Amino acid sequence: MLTKKIEHSLNAQIEHEAYASFLYLSMATWCDREGLSGCAQFLYRQSDEERDHMMRMVHYINEVGHHAVVPGIRQPPVEFESIQALFNLVYESELMVTKEINHLIDLCYKEDDHMTLNFMQWFVSEQREEEAMVRSILDKIKLVGTGPQHLYFIDQELQRINKAVQTATNKAE
Ligand code: FEO
């Protein structure tokens, strides 16, 4: 049984995860258009992951006997100034989600809801991993600089990350 406040916050989190999924999908299509296939593939996968986060919330709310509410779709940006600006925005988005997750956890303590607190632990680890990954991409982008072939090298780096993720996924299956 969830308190009204927890139910409301979990439903709000569905909206945040759904927006992150749409934002990354919009970024992926922009990268596709710009010929950055490694970046596009990375962002399509991140978009799918955010949808998975949203679905975890949906199933949890329903499993504990409440009602998960599907939110309306907010329009994400469709144009990005540069690949650097795009990944800065990914990082800002992840920091915002971490803040929202922390807020939900604070609320779990206040409402004495250990069941939801336990459920939320997975999201805490996930945010740590996602923030670290995006930070490392931003570090690489900084290292590559803005020379004539920088987009090629950045895209190569994202291809390398995609391969590493694929290998890890295959091993886990
Ligand atoms: Fe589900 Fe990356 O936040």
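A charge sits over a ring if NZ of Lys or CZ of Arg is within 6 Å of the ring centre and within 35 degrees of the ring normal. The exercises below apply this and related criteria to a predicted model.

**Exercise 1.** State which ring lies beneath the charged end of Arg 56, and at what distance from its centre.

*Solution.* The charged end of Arg 56 is placed over the ring of Trp 122, at 3.7 Å from the ring centre. A second case involves Arg 74, which lies over the face of Tyr 19 at 3.8 Å from the ring centre.

**Exercise 2.** Classify the pair formed by the rings of Tyr 60 and Phe 119, and locate both residues.

*Solution.* Begin with the geometry: the ring centres are 4.0 Å apart and the planes stand at 5°. Planes under 30 degrees apart count as stacked, so the pair of Tyr 60 and Phe 119 is stacked. Next, take the positions: because Tyr 60 belongs to helix 2 and Phe 119 to helix 4 (residues 114–144), the pair ties together parts that are 59 residues apart in sequence. Finally, Tyr 60 is buried, with a relative accessible area of 6%, and Phe 119 also counts as buried, at 17%. Together with Trp 122 and Phe 123, these two residues form one aromatic cluster.

**Exercise 3.** Describe the aromatic pair of Phe 42 and Phe 87, and decide whether these residues are buried or exposed.

*Solution.* The structure holds six aromatic pairs, and one of them joins Phe 42 and Phe 87, tilted with 6.0 Å centre to centre and 55° between the planes. Since Phe 42 lies in helix 2 (residues 37–63) and Phe 87 in helix 3 (residues 83–110), the pair ties together parts that are 45 residues apart in sequence. Both Phe 42 and Phe 87 are buried.

Terms used. Residues are numbered from 1 along each chain as its sequence is written. This is a predicted model: local features need pLDDT of at least 70, side-chain atom pairs count only at pLDDT 80 or more; totals for chains, interfaces and linings use all residues. Side-chain values use heavy atoms; hydrogens and water are left out. Rings of Phe, Tyr and Trp (its six-membered ring) pair if their centres lie within 6.5 Å; planes under 30 degrees apart count as stacked, over 60 as edge-to-face and the rest as tilted. Helices (H or I, at least four residues) and strands (E, at least two) are DSSP runs, numbered from the N terminus. Buried means under 20% relative accessible area, exposed over 50%, partly exposed in between (1.4 Å probe, protein chains only).
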